[in-house]
Amino acid sequence: MSEHDVQLYKKLRRGEKEALEQMYDKYSKLLFSFSFKMTEEKQLAEEIVQEVFIKVWTQKSSYDETKGKFSSWLLTMTRNTVIDHHRKKREIASETATKEMTEDPDPSVEDQVEWKEKRAVVKKAISQLKPEQQKVITLFYYQGLSQQKIADSCNLPLGTVKGRLRLALKHLKTTIQDIEQNGGIIHE
(Lines give C-alpha, C1' and ligand atoms only; values in the text may rest on other atoms or scores of the structure.)
Protein backbone atom coordinates (compact mmCIF):
# COMPACT_ATOMS: atom_id res chain seq x y z
CA MET A 1 0.00 0.00 0.00
CA SER A 2 1.51 3.30 -1.02
CA GLU A 3 1.83 6.05 1.55
CA HIS A 4 -0.87 8.00 -0.27
CA ASP A 5 -3.24 5.03 -0.06
CA VAL A 6 -2.50 4.69 3.68
CA GLN A 7 -3.43 8.34 4.24
CA LEU A 8 -6.54 8.04 2.10
CA TYR A 9 -7.67 4.91 3.88
CA LYS A 10 -7.16 6.47 7.31
CA LYS A 11 -9.14 9.54 6.26
CA LEU A 12 -11.85 7.32 4.86
CA ARG A 13 -12.07 5.40 8.14
CA ARG A 14 -12.64 8.74 9.86
CA GLY A 15 -15.55 9.39 7.50
CA GLU A 16 -13.96 12.02 5.25
CA LYS A 17 -15.91 11.99 1.99
CA GLU A 18 -13.06 13.64 0.06
CA ALA A 19 -10.91 10.58 0.76
CA LEU A 20 -13.60 8.36 -0.75
CA GLU A 21 -13.78 10.60 -3.82
CA GLN A 22 -10.01 10.48 -4.27
CA MET A 23 -9.99 6.73 -3.82
CA TYR A 24 -12.82 6.43 -6.33
CA ASP A 25 -10.93 8.57 -8.83
CA LYS A 26 -7.83 6.46 -8.38
CA TYR A 27 -9.31 2.94 -8.46
CA SER A 28 -12.71 3.06 -10.16
CA LYS A 29 -11.32 2.47 -13.68
CA LEU A 30 -9.27 -0.50 -12.51
CA LEU A 31 -12.24 -2.01 -10.67
CA PHE A 32 -14.58 -1.35 -13.60
CA SER A 33 -12.17 -3.02 -16.03
CA PHE A 34 -11.81 -6.02 -13.73
CA SER A 35 -15.54 -6.26 -13.11
CA PHE A 36 -16.35 -5.86 -16.82
CA LYS A 37 -14.03 -8.76 -17.68
CA MET A 38 -15.97 -10.96 -15.27
CA THR A 39 -19.50 -9.80 -16.15
CA GLU A 40 -19.21 -8.66 -19.77
CA GLU A 41 -22.00 -6.21 -18.97
CA LYS A 42 -21.17 -2.51 -18.74
CA GLN A 43 -24.09 -1.55 -16.52
CA LEU A 44 -23.57 -4.47 -14.16
CA ALA A 45 -19.84 -3.70 -13.98
CA GLU A 46 -20.65 -0.11 -13.02
CA GLU A 47 -23.08 -1.33 -10.36
CA ILE A 48 -20.42 -3.66 -8.97
CA VAL A 49 -17.93 -0.81 -8.68
CA GLN A 50 -20.53 1.32 -6.89
CA GLU A 51 -21.29 -1.52 -4.51
CA VAL A 52 -17.62 -2.05 -3.72
CA PHE A 53 -17.14 1.61 -2.85
CA ILE A 54 -20.29 1.54 -0.72
CA LYS A 55 -18.80 -1.41 1.16
CA VAL A 56 -15.54 0.49 1.60
CA TRP A 57 -17.40 3.60 2.77
CA THR A 58 -19.71 1.78 5.16
CA GLN A 59 -16.71 -0.24 6.37
CA LYS A 60 -18.49 -3.55 5.98
CA SER A 61 -15.03 -4.98 5.48
CA SER A 62 -11.73 -3.51 6.53
CA TYR A 63 -8.33 -3.57 4.98
CA ASP A 64 -5.46 -5.31 6.78
CA GLU A 65 -2.04 -4.07 5.62
CA THR A 66 -0.36 -7.30 6.66
CA LYS A 67 -2.39 -9.32 4.13
CA GLY A 68 -1.25 -7.55 0.98
CA LYS A 69 -1.59 -4.51 -1.22
CA PHE A 70 -4.58 -2.21 -0.96
CA SER A 71 -5.36 -2.59 -4.67
CA SER A 72 -5.37 -6.38 -4.28
CA TRP A 73 -7.85 -6.07 -1.42
CA LEU A 74 -10.13 -3.91 -3.59
CA LEU A 75 -9.87 -6.39 -6.47
CA THR A 76 -10.69 -9.30 -4.18
CA MET A 77 -13.73 -7.42 -2.86
CA THR A 78 -14.77 -6.70 -6.46
CA ARG A 79 -14.39 -10.36 -7.45
CA ASN A 80 -16.46 -11.45 -4.44
CA THR A 81 -19.16 -8.89 -5.25
CA VAL A 82 -19.37 -10.18 -8.84
CA ILE A 83 -19.64 -13.75 -7.54
CA ASP A 84 -22.44 -12.67 -5.18
CA HIS A 85 -24.31 -11.10 -8.12
CA HIS A 86 -23.94 -14.26 -10.20
CA ARG A 87 -25.15 -16.33 -7.26
CA LYS A 88 -28.22 -14.09 -6.75
CA LYS A 89 -28.97 -14.20 -10.47
CA ARG A 90 -28.88 -18.02 -10.44
CA GLU A 91 -31.15 -18.12 -7.39
CA ILE A 92 -33.69 -15.83 -9.07
CA ALA A 93 -33.58 -17.95 -12.25
CA SER A 94 -34.05 -21.07 -10.17
CA GLU A 95 -37.01 -19.56 -8.28
CA THR A 96 -38.59 -18.48 -11.56
CA ALA A 97 -38.15 -21.94 -13.05
CA THR A 98 -39.65 -23.53 -9.95
CA LYS A 99 -42.59 -21.15 -10.05
CA GLU A 100 -43.19 -21.90 -13.74
CA MET A 101 -43.02 -25.63 -13.08
CA THR A 102 -45.55 -25.44 -10.24
CA GLU A 103 -48.05 -23.38 -12.22
CA ASP A 104 -50.87 -25.26 -13.87
CA PRO A 105 -49.51 -26.20 -17.30
CA ASP A 106 -52.95 -26.91 -18.74
CA PRO A 107 -55.04 -23.78 -19.24
CA SER A 108 -58.77 -24.09 -18.76
CA VAL A 109 -61.13 -24.44 -21.71
CA GLU A 110 -62.29 -20.82 -21.21
CA ASP A 111 -58.67 -19.64 -21.29
CA GLN A 112 -58.03 -21.60 -24.48
CA VAL A 113 -61.12 -20.15 -26.17
CA GLU A 114 -60.24 -16.63 -25.06
CA TRP A 115 -56.66 -17.10 -26.25
CA LYS A 116 -57.85 -18.31 -29.68
CA GLU A 117 -60.19 -15.33 -30.02
CA LYS A 118 -57.47 -12.87 -29.11
CA ARG A 119 -55.04 -14.56 -31.47
CA ALA A 120 -57.58 -14.30 -34.30
CA VAL A 121 -58.08 -10.60 -33.58
CA VAL A 122 -54.34 -9.93 -33.58
CA LYS A 123 -53.84 -11.98 -36.74
CA LYS A 124 -56.60 -10.06 -38.50
CA ALA A 125 -55.17 -6.73 -37.33
CA ILE A 126 -51.71 -7.69 -38.59
CA SER A 127 -53.15 -8.66 -41.97
CA GLN A 128 -54.47 -5.11 -42.34
CA LEU A 129 -51.01 -3.58 -41.96
CA LYS A 130 -48.85 -2.55 -44.90
CA PRO A 131 -46.65 -5.45 -46.11
CA GLU A 132 -43.42 -3.83 -44.87
CA GLN A 133 -44.98 -3.34 -41.41
CA GLN A 134 -46.25 -6.94 -41.37
CA LYS A 135 -42.72 -8.10 -42.14
CA VAL A 136 -41.04 -6.19 -39.27
CA ILE A 137 -43.79 -7.26 -36.84
CA THR A 138 -43.33 -10.89 -37.85
CA LEU A 139 -39.55 -10.75 -37.62
CA PHE A 140 -39.53 -8.87 -34.32
CA TYR A 141 -42.40 -10.50 -32.38
CA TYR A 142 -42.77 -13.94 -33.94
CA GLN A 143 -39.19 -14.75 -34.89
CA GLY A 144 -37.56 -12.84 -32.03
CA LEU A 145 -35.02 -10.91 -34.09
CA SER A 146 -33.55 -7.73 -32.68
CA GLN A 147 -34.22 -4.46 -34.44
CA GLN A 148 -30.59 -4.36 -35.57
CA LYS A 149 -30.80 -7.87 -37.04
CA ILE A 150 -33.99 -6.93 -38.88
CA ALA A 151 -32.24 -3.86 -40.25
CA ASP A 152 -29.28 -5.96 -41.37
CA SER A 153 -31.36 -8.73 -42.95
CA CYS A 154 -33.66 -6.30 -44.79
CA ASN A 155 -30.91 -3.84 -45.76
CA LEU A 156 -32.74 -1.04 -43.98
CA PRO A 157 -31.45 1.69 -41.69
CA LEU A 158 -32.12 0.92 -38.02
CA GLY A 159 -34.23 4.07 -37.73
CA THR A 160 -36.53 2.83 -40.51
CA VAL A 161 -37.07 -0.47 -38.72
CA LYS A 162 -37.86 1.36 -35.47
CA GLY A 163 -40.25 3.69 -37.30
CA ARG A 164 -42.04 0.81 -39.00
CA LEU A 165 -42.42 -1.04 -35.72
CA ARG A 166 -43.73 2.06 -33.99
CA LEU A 167 -46.25 2.79 -36.76
CA ALA A 168 -47.27 -0.86 -36.98
CA LEU A 169 -47.97 -0.99 -33.24
CA LYS A 170 -49.94 2.23 -33.46
CA HIS A 171 -52.08 0.81 -36.30
CA LEU A 172 -52.48 -2.52 -34.49
CA LYS A 173 -53.71 -0.76 -31.37
CA THR A 174 -56.28 1.22 -33.33
CA THR A 175 -57.42 -1.81 -35.34
CA ILE A 176 -57.72 -4.03 -32.27
CA GLN A 177 -59.73 -1.34 -30.44
CA ASP A 178 -62.07 -1.10 -33.46
CA ILE A 179 -62.53 -4.87 -33.50
CA GLU A 180 -63.21 -4.98 -29.74
CA GLN A 181 -65.70 -2.10 -30.01
CA ASN A 182 -67.58 -4.14 -32.59
CA GLY A 183 -67.96 -6.91 -30.02
CA GLY A 184 -64.96 -8.85 -31.23
CA ILE A 185 -66.51 -9.38 -34.63
CA ILE A 186 -63.92 -9.58 -37.32
CA HIS A 187 -65.12 -8.20 -40.61
CA GLU A 188 -63.44 -9.76 -43.61
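**Note on two helix packings and two loop residues**

1. Helices α2 and α4 are oblique to each other. The model is a predicted one. Helix α2 covers residues 17-39 and helix α4 covers residues 70-102. Their axes come within 10 Å and cross at roughly 40°; angles under 35 degrees would count as roughly parallel, and 65 to 115 as roughly perpendicular, so a crossing of this kind is classed as oblique. The crossing of α2 and α4 is right-handed.

2. The α2 side of this contact consists of M23, Y27, L30, L31, F34, S35, M38 and T39. The residues they meet in α4 are F70, S71, L74, L75, T78, R79, V82 and H86. Sorted by class, the contact of α2 with α4 has ten nonpolar residues, five polar ones and one charged one.

3. L75 is a useful residue to follow here. L75 is part of helix α4 and touches L30, L31 and F34, when residues up to four places away in sequence are not counted. These three partners are listed among the α2 residues in the contact with α4. The C-alpha atom of L75 is separated by 8.7 Å from that of S35, and the two residues are 40 residues apart along the chain.

4. At what angle do the axes of α6 and α8 cross? The axes of α6 (residues 131-142) and α8 (residues 158-181) cross at roughly 100° and come within 9 Å. The range 65 to 115 degrees counts as roughly perpendicular, and α6 and α8 are therefore roughly perpendicular to each other.

5. In this second packing, α6 contributes E132, Q133, V136, I137, F140 and Y141. They meet R164, L165, L167, A168, L169, H171 and L172 of α8. The residues of the contact of α6 with α8 divide into nine nonpolar, two polar and two charged.

6. Helix α6 can also be checked on its own. With twelve residues at 1.5 Å a residue, α6 should span 16 Å, and its end C-alpha atoms are 15 Å apart, which agrees. Its buried residues include Q133, V136, I137 and L139. The buried residues of α6 pack against α5 (109-127), α7 (147-154) and α8. After α6 comes G144, with a positive phi near 70°.

7. Is Q133 of α6 buried or exposed? Q133 has a relative accessible area of 5% and is therefore buried, the cut-off being under 20%. Leaving out residues up to four places away in sequence, Q133 touches R164, L167, A168 and H171. These four belong to the α8 residues in the contact with α6.

8. Two loop residues deserve a look for their backbone angles. Most residues other than glycine have a negative phi. E40, which is not a glycine, has a positive phi of about 60°. E40 sits in the loop between α2 and α3 (42-58). Its relative accessibility is 66%, so E40 counts as exposed.

9. N155 is the second of these residues. Although N155 is a residue other than glycine, its phi is positive, near 55°. Where is N155 placed? N155 lies in the loop between α7 and α8. With a relative accessible area of 70%, N155 is exposed, because exposed means over 50%.

Note on methods:
Residues are numbered from 1 along each chain as its sequence is written. This is a predicted model: local features need pLDDT of at least 70, side-chain atom pairs count only at pLDDT 80 or more; totals for chains, interfaces and linings use all residues. Side-chain values use heavy atoms; hydrogens and water are left out. Axes are lines fitted to C-alpha atoms, for helices over the stretch in contact, and angles run from 0 to 180 degrees between N-to-C directions. Angles under 35 degrees count as roughly parallel, over 145 as roughly antiparallel, 65 to 115 as roughly perpendicular and the rest as oblique. A crossing is left-handed if the near helix is turned anticlockwise from the far one by less than a right angle, and right-handed if clockwise. Contact means heavy atoms within 4.5 Å. Ala, Val, Leu, Ile, Met, Phe, Trp, Tyr, Cys and Pro count as nonpolar, Asp, Glu, Lys and Arg as charged, and the others, Gly among them, as polar. The expected span of a helix is 1.5 Å times one less than its number of residues. Buried means under 20% relative accessible area, exposed over 50%, partly exposed in between (1.4 Å probe, protein chains only).
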